[in-house]
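The following paragraphs lead through a structure, beginning with a single side chain and proceeding to its cores and surface.

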Amino acid sequence: MFDRIISELGPWNWMVLGFVLLVMEVIAPGIFMLWIGIAALLIGVVSLLIWDASFWTWEVQVLAFLALSLVSAFAGKKLVGGRHDATDQPLLNRRGAQMVGKMATLAEPIKDGRGRIKLGDTLWRVSGPDLPAGTQVRVVSSADTDLELTVEAV
């Protein structure tokens, strides 16, 4: 059945698939379907040129499409995926990292390694040595999730 569909559409089946994938890219952009769509269009062009060749069966076409899809996806990743522009604000969305080095007073005592400080308008969870409320502390690091700061007494 699959063989019959392929033979009825001829080389245009790859063109149709390529355009469908490009339309999907337009509807839901992510720059991934673009490269697979380009691979399908290239297989369509090759199919137009060598459709009557005995070796150009649907199995060979699918294998060529899969290989070309991988190659074009990796090439596309190299082409557009490597943009790492330098920024003048590397800590913009990392609030916890912005607090490293700041001084604060403990709003709640640190008991069993946990307490709270107020920096700006935010009450932060902190970890560190047990200290009473009102102690001056310095922020020495922040967790990867920016939910907790590590402090030391000054």
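Is S47 buried or exposed? With a relative accessibility of 0%, S47 counts as buried (under 20% relative accessible area, with exposed meaning over 50% and partly exposed in between; 1.4 Å probe, protein chains only). The model is predicted: local features need pLDDT of at least 70, side-chain atom pairs count only at pLDDT 80 or more, and totals for chains, interfaces and linings use all residues. Residues are numbered from 1 along each chain as its sequence is written, and side-chain values use heavy atoms, with hydrogens and water left out.

S47 belongs to helix 3, residues 33-50 (helices are DSSP runs of H or I with at least four residues, strands runs of E with at least two, numbered from the N terminus). Apart from neighbours within four places in sequence, S47 is in contact (heavy atoms within 4.5 Å) with P11, W14, W56 and Q61.

Helix 3 also contains L49, which is exposed at 70% relative accessible area. Together with W12, V45 and L48, L49 forms a nonpolar patch on the surface, to which helix 3 gives the most, three residues.

Elsewhere, the largest nonpolar core (buried Ala, Val, Leu, Ile, Met, Phe, Trp, Tyr and Cys residues joined through side-chain atoms within 4.5 Å) has 13 residues, and V139, L149 and V151 are among those that touch the most other members. Strands 1 (103-111), 2 (114-119), 3 (122-127), 4 (136-142) and 5 (148-153) each give two or more residues to this core, the largest share, three residues, coming from strand 1. A second, separate core of eight residues includes W14, I36, A39 and W56.

Technical notes: Patches are made of residues with over 30% relative accessible area and no salt bridge: like charges are joined within 9 Å, nonpolar side chains (Val, Leu, Ile, Met, Phe, Trp, Tyr) within 5 Å. Accessible areas come from the Shrake-Rupley method with a 1.4 Å probe; for residues, only the protein chains shown count as cover. A salt bridge is a side-chain nitrogen of Lys or Arg within 4 Å of a carboxyl oxygen of Asp or Glu.
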